[in-house]
Amino acid sequence: MPALPDDGFALVLLVFALGLRHGFDADHLATIDGLTRFNARSNPRWARFCGTLFSLGHGAVVVAIALAVSLLSRRWTAPEWLELSGAWISIVFLTLLGVLNLRAVFAAGAHEVVSPVGLKGRWLGRFGQVAHPAGVALVGALFALSFDTVSQAALFAVAGVQAGGWQHALGLGVAFMGGMLVADGANGLWIARLIARADSVARIASRVMALAVAGMSLLVAAYGAARLALPGLEAWGEGKELALGAAVVGVIFVSFMLGLYLARQRGVEPVTG
């Protein structure tokens with residue numbers, strides 16, 4: 001996790017950007033992809049909102065953790081190993097997700113749609129196929145019960161308390177959830193749109209997105225490892241956390257648009273009926 005700025009507005013923007021980046025993790029994308037596709041058959045009216053519902057459940061747990069940590073912070077201080085271990089766990093997971101998604105792209109047949117590959121979703125079993133809004137939100141909540149998410153929430157909650165109290169920590173939790181809502185909600189709408197279009201559109205767009213997610217996962221993991229190994233790089237990155245987070249989000253957004261553009265260049269029209 002990057003060093004958090006002292007300025008209140010910059011801190012809120014950074015935590016919002018962290019929420020955006022968290023929402024674009026391959027695990028989120030893969031699970032929302034599966035939930036949206038499953039519900040597109042049985043609940044097409046609200047299938048497009050699976051990403052939003054997932055993020056609401058996930059964010060509710062993050063906000064609860066931030067509030068709990070802020071209230072307990074007078075008796076508890078985040079140990080020094082929490083940030084370091086959280087950083088390495090994030091690096092390992094991002095590397096695995098990047099490799100698995102690259103493998104999915106190159107292993108897919110010419111006429112197959114590439115679905116994002118996640119790790120956490122495999123632990124949920126049948127929870128990955130629920131046909132009720134509350135169930136989708138519950139899946140998002142279960143996703144938040146992981147070390148990387150809890151450690152991030154705890155660290156920015158402590159920063160919020162130092163900035164002014166539990167109200168600030170609660171506000172940062174809401175800002176993090178807001179970033180996830182934007183990312184996860186957009187992903188749910190994206191998948192729903194692909195389902196409604198011709199197969200060739202979905203094939204092209206899914207490959208572009210899968211490559212972008214895999215590439216960014218590996219780059220973020222490499223940058224995180226380099227920061228831990230090279231003190232000079234860590235010093236260079238101080239104060240640039242918001243710009244780096246925005247760059248990650250920007251690349252993913254451009255990939256969304258590029259996928260649709262390449263599909264349209266093939267002259268494929270949406271399926272109607």
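I began with burial, and found that buried residues make up 49% of the 273 residues in the protein chain. I keep in mind throughout that this is a predicted model.

Next I looked up the secondary structure, which comes to 10 helices and zero strands, so I can cite no strand when I describe the chain. I also checked how far apart in sequence the contacting residues lie: among contacts with a separation of 6 or more, 80% are between residues 24 or more positions apart.

I then turned to the nonpolar cores. The largest one has 21 residues, and those with the most contacts inside it are Val-15, Val-62, Val-69, Phe-156 and Phe-176. Helix H1 (8-23), helix H3 (50-72), helix H6 (147-163) and helix H7 (166-195) each supply at least two residues of this core. I followed Val-15 outward and noted that, leaving aside residues up to four places away in sequence, Val-15 touches Phe-156, Leu-172, Ala-175 and Phe-176. A second core, separate from the largest, has 19 residues, including Ala-26, Leu-194, Met-216 and Val-248.

Last, I examined one helix pair. Helix H2 (residues 26-42) packs against H3 at an angle of about 130°, and their axes are 9 Å apart. Because angles from 115 to 145 degrees fall outside the parallel, perpendicular and antiparallel ranges, H2 counts as oblique to H3. I recorded the crossing of H2 past H3 as right-handed. On the H2 side, the contact is made by His-28, Thr-31, Ile-32, Leu-35, Thr-36 and Asn-39, while H3 contributes Cys-50, Gly-51, Phe-54 and His-58.

For the surface, I noted an accessible area of about 13300 Å², of which 67% belongs to carbon and sulfur atoms.

Note on methods:
Residues numbered from 1 in each chain as written. Predicted model: local features only at pLDDT ≥ 70, side-chain atom pairs only at ≥ 80, totals over all residues. Heavy atoms only, no water. Core = buried A, V, L, I, M, F, W, Y, C linked by side-chain atoms within 4.5 Å. Buried < 20%, exposed > 50% of the residue type's maximum accessible area, 1.4 Å probe, protein only. Helix = DSSP H or I, 4+ residues; strand = E, 2+ residues; numbered from the N terminus. Contact = heavy atoms within 4.5 Å. Areas by Shrake-Rupley, 256 points an atom, 1.4 Å probe, with all protein chains shown as cover. Axes fitted to C-alpha atoms, helices over the stretch in contact; angles between N-to-C directions. Parallel < 35°, antiparallel > 145°, perpendicular 65-115°, else oblique. Left-handed = near helix turned anticlockwise from the far one by under 90°.
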